[in-house]
Amino acid sequence: MCDVNKYSRMYKDMKTLQPEDTLQLVLEAKDDEERDFFEMLGNFLLQQK
């Protein structure tokens with residue numbers, strides 16, 4: 001079973017990211033899959049604002 005509290009904290013931390021933070025994550029991603037994830041996160045956060 002997963003650690004729900006851990007993922008809840010991660011979610012809260014990610015929601016505080018600014019657009020320049022997600023851009024930095026995209027630019028410094030280790031591979032395409034990680035880059036895609038951070039792009040998706042950035043798009044999600046922009047839609048929420």
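**Overall fold and selected residues of the predicted model**

The protein contains 3 helices and 0 strands, and its elements follow the pattern α-α-α when read along the sequence. The model described here is a predicted one. Taken along the principal axes, the C-alpha atoms of the protein fill a box of roughly 30 × 25 × 15 Å. The accessible surface was computed to be about 4400 Å², with carbon and sulfur atoms contributing 54% of this area, while buried residues account for 16% of the 49 residues in the protein.

With respect to charge, the protein carries 7 positive and 11 negative side chains, the centres of the two sets lying 9 Å apart. Asp-31, Glu-33, Asp-36 and Glu-39 together form a negative surface patch. Of these patch residues, Glu-33 is placed in helix H3, which spans residues 32–48; Glu-33 is classed as exposed because its relative accessibility, 67%, exceeds the cut-off of over 50% that defines this class.

Leu-25 is located in helix H2, comprising residues 19–27. With a relative accessibility of 30%, Leu-25 falls between the limits for buried (under 20%) and exposed (over 50%) residues, and is therefore counted as partly exposed. When residues up to four places away in sequence are not counted, Leu-25 touches Leu-17 and Phe-38. A further relation concerns Phe-37, which lies 12 residues from Leu-25 along the chain and whose C-alpha atom is separated from that of Leu-25 by 9.6 Å.

Methods
Residues are numbered from 1 along each chain as its sequence is written. This is a predicted model: local features need pLDDT of at least 70, side-chain atom pairs count only at pLDDT 80 or more; totals for chains, interfaces and linings use all residues. Side-chain values use heavy atoms; hydrogens and water are left out. Patches are made of residues with over 30% relative accessible area and no salt bridge: like charges are joined within 9 Å, nonpolar side chains (Val, Leu, Ile, Met, Phe, Trp, Tyr) within 5 Å. Accessible areas come from the Shrake-Rupley method with a 1.4 Å probe; for residues, only the protein chains shown count as cover. A salt bridge is a side-chain nitrogen of Lys or Arg within 4 Å of a carboxyl oxygen of Asp or Glu. Lys and Arg count as positive and Asp and Glu as negative; His and the chain ends are not counted. The place of a charge is taken as NZ of Lys, CZ of Arg, CG of Asp or CD of Glu. Helices (H or I, at least four residues) and strands (E, at least two) are DSSP runs, numbered from the N terminus. Buried means under 20% relative accessible area, exposed over 50%, partly exposed in between (1.4 Å probe, protein chains only). Contact means heavy atoms within 4.5 Å.
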